[in-house]
Amino acid sequence: MADRVAICSAGQTKYSPDRCDVREGDLAYEAIRQVLDETGLTLSDVDSAVTTSQDFWDGRTISSMNIQAVVGAHLSHEDKVAEDGLNAVFAATAQILSGHVDVVLVVSHMKESQAEKALIENAAMEATYLRELGLDFLSTAALQAKRYMYKYGITAEQCAKVAVQNRANAKNNPLAQAPMDITVEDVLSSKILSTPIRALDAKPVSDGACAMILTSGKRAKKITKKPVYVMGISNCYEAHSPGERELADCNALTIAANKAYKMAGIKNPLKDIDVVELSEEYSYQQLMWLEGLGFCGKGEGGAFMDSGRTKMGGKIPVNPSGGMLSGKPNQVSGLAAAAECVLQIRGQAGDRQVKGAKVGLAHGMTGMCGQHQCVMILGK
Amino acid sequence: MAEKKKKSEPEYIFVEFNTPRKYRWSTGPYVGKMYHEARMNKKLYANQCPKCKKMLWEPQVVCGRCKVETGWKWKELPQRGTVMQYTFIVYPMWDPHYGEKFANPLPNAMIEMDDGTVIRHFLEETDEKKLKEGMRVEAVWKENEEDRGEGTADIKFFRTIDK
């Protein structure tokens with residue numbers, strides 16, 4: 001990149017199944033206040049706010065108006081970008097690199113508890129030929145999981161290991177919603193939602209928010225002693241119609257990752273990256289995303305999981321925070337992944353600290369079967 | 001059903017979609033306090049910005065104008081005010097709570113309450129000739145507590161008063 005863009009602070013709410021005590025602005029402000037307090041900045045110091053939220057989930061067109069005051073957007077610059085919160089970091093990075101703004105507040109909020117997930121997701125489907133089939137992200141993910149397992153021989157046990165490992169990691173994350181001590185057998189005996197996905201293969205309903213202050217590299221040195229830099233970032237879309245894609249592969253993720261790697265100078269992700277935070281709404285996705293990101297070959301996600309290399313203390317710890325399976329909302333997940341990478345790179349991740357973490361990968365995705373993918377590389 | 005067309009002509013068909021999406025929106029503490037005072041005491045309450053001292057309608061955690069946290073300083077708003085601007089609504093507006101049409105006509109006004117706080121509400125007066133900017137009005141509440149609980153909608157309308 002032409003110049004450096006730094007993350008000066010990242011804040012998150014605790015993730016919760018039902019924040020009925022707050023409305024969207026109150027929830028977002030819990031995370032925003034953390035980054036203002038840490039940096040000593042005020043909302044008046046913010047040149048631009050970039051937010052992600054989703055109109056159907058919030059039940060309001062222009063859902064960013066739910067948080068206008070708390071992001072300092074009164075008579076000021078605000079953009080709401082589509083897709084996951086990590087996409088907002090991408091937009092914020094571009095804004096800073098333009099040279100026209102210096103301090104950007106990135107915010108993502110979500111209250112999954114206030115609406116019916118299946119109906120909201122069904123409304124994401126094309127209106128004249130997909131929506132009428134009643135599809136949602138769960139049923140389409142199940143088709144993707146089946147296809148992935150069929151094509152590459154991935155087993156239900158290998159997927160279940162993800163569910164076990166991530167929820168065990170969450171025990172060391174005080175912000176995690178649902179840390180659990182479970183076994184592969186527990187996952188495999190939990191109730192079927194849509195074959196092959198079982199209840200413990202899926203993430204729970206979750207509410208929460210994440211905020212971040214990004215600045216130019218020059219400004220960051222005046223704000224924080226521990227800036228974390230955006231080394232590379234990119235995104236990519238798959239086709240919407242499931243029939244237009246090979247569901248067992250995630251080509252959009254590979255394209256997004258390769259662009260981010262090129263910007264960051266990553267030649268060998270397994271060697272050059274120290275910690276990975278993924279957005280896995282369902283357990284099989286973690287295996288598939290690791291393939292898409294190039295940590296292993298196509299169809300090798302299961303064996304990669306079996307090798308133990310993604311465990312804490314392994315070659316490439318994945319989701320030390322517990323990931324989405326331990327309870328993170330859609331929209332917020334990728335930004336929260338970046339926030340976790342910030343903590344890891346700063347050496348502030350407490351009991352889940354990955355030793356010597358210098359380079360992190362944050363991943364966010366949105367839509368049916370991970371249609372939209374965003375990848376960011378963070379470093380010192 | 002579309003009329004039968006010749007083979008070479010396209011069919012133009014509309015797909016209807018009528019599934020409602022239901023929401024359960026939280027008021028949060030700030031709007032919740034306003035709802036509570038309206039329901040229990042037929043009073044309008046707003047919180048005050050510590051910097052500009054203006055009352056925030058809707059009440060909230062940050063003053064948008066000053067970009068500062070507001071805290072929890074509340075004041076009761078007066079129930080009388082002056083019509084700043086009105087519009088005489090005659091098209092059939094939806095009542096979003098109940099999915100029905102409001103009765104027409106429906107004058108709707110920006111009202112500057114006597115402390116300077118501006119709120120928007122309906123006017124009782126439906127004779128367009130009697131409406132004017134600068135007219136004095138007063139809140140009329142739904143009388144039964146069980147009918148209240150919808151925040152500003154707990155006020156039926158603003159009634160014209162002499163002064």
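# Exercises on a two-chain predicted model

The contact between the two chains takes 19 residues from chain B and 25 residues from chain A, where two residues are in contact if their C-beta atoms, placed from the backbone, lie within 7 Å. This is a predicted model, in which local features need pLDDT of at least 70, side-chain atom pairs count only at pLDDT 80 or more, and totals for chains, interfaces and linings use all residues. Residues are numbered from 1 along each chain as its sequence is written, while chains are lettered from A and ligands numbered from 1 in the order in which they are written.

## Exercise 1: the chain B side

Work out which element gives the most to the side of chain B that touches chain A, and find the sheet on which that element packs.

Step 1. Start at the contact: H1(B) gives the most on this side, with three residues. Helices here are DSSP runs of H or I with at least four residues, strands are runs of E with at least two, and both are numbered from the N terminus.

Step 2. Sort this side of chain B by class, and you get eight nonpolar, six polar and five charged residues. Ala, Val, Leu, Ile, Met, Phe, Trp, Tyr, Cys and Pro count as nonpolar, Asp, Glu, Lys and Arg as charged, and the others, Gly among them, as polar.

Step 3. Now look at the sheet, an open one of three antiparallel strands in the order E2-E1-E5 (chain B). Two strands pair if DSSP finds at least two bridges between them. At the edges are E2 (55-56) and E5 (74-76) of chain B, each pairing on one side only.

Step 4. Put the helix on: H1 (residues 28-41) of chain B touches E1 and E5 of chain B, and its direction makes about 145° with that of E1(B). Axes are lines fitted to C-alpha atoms, for helices over the stretch in contact, and angles run from 0 to 180 degrees between N-to-C directions.

## Exercise 2: the big picture of chain A

Describe the make-up of chain A and its sheet of nine strands.

Step 1. Count the elements: chain A has 13 helices and 11 strands. Its radius of gyration is 19 Å, close to the 21 Å that the globule rule gives for 380 residues, so chain A is as compact as a globular protein of that length. That radius is taken over C-alpha atoms, and the rule is 2.2 Å times the number of residues to the power 0.38.

Step 2. Check burial: 59% of the 380 residues in chain A are buried. A residue is buried if 20 or more other C-beta atoms lie within 10 Å of its own, exposed if 12 or fewer, and partly exposed in between, with C-beta atoms placed from the backbone.

Step 3. Read across the open, mixed sheet, in the order E3-E2-E4-E7-E1-E8-E11-E10-E9 (chain A). E3 (77-80) and E9 (275-277) of chain A each have a single partner strand, so one side of each is left without a neighbour in the sheet.

## Exercise 3: following E10(A)

Is E10(A) enclosed or open, and how does E10(A) pair with E9(A) and E11(A)?

Step 1. Eight of the eight residues of E10(A) are buried, so this strand is largely enclosed by the rest of the structure.

Step 2. Split the strand by face: Val359(A), Leu361(A), His363(A) and Met365(A) are buried on one side, and Gly360(A), Ala362(A), Gly364(A) and Thr366(A) on the other.

Step 3. E9(A) and E10(A) pair in the parallel sense over three bridges, with Ala362(A) as the bridge partner of Glu277(A).

Step 4. E10(A) and E11(A) run antiparallel, joined by eight bridges, and Val359(A) stands opposite Gly379(A). Their hairpin has five residues between the strands, and Gly367(A) takes a positive phi near 95° there.

## Exercise 4: two crossing helices

How do H3(A) and H13(A) cross, and what kinds of residue are in their contact?

Step 1. The axes of H3 (residues 85-97) and H13 (residues 333-346) of chain A come within 5 Å and cross at roughly 70°.

Step 2. These two helices are therefore roughly perpendicular, since angles of 65 to 115 degrees count that way, under 35 as roughly parallel, over 145 as roughly antiparallel and the rest as oblique.

Step 3. Gly85(A), Leu86(A), Ala88(A) and Val89(A) in H3(A) meet Gly334(A), Leu335(A), Ala337(A) and Ala338(A) in H13(A). By class, that gives six nonpolar, two polar and no charged residues.
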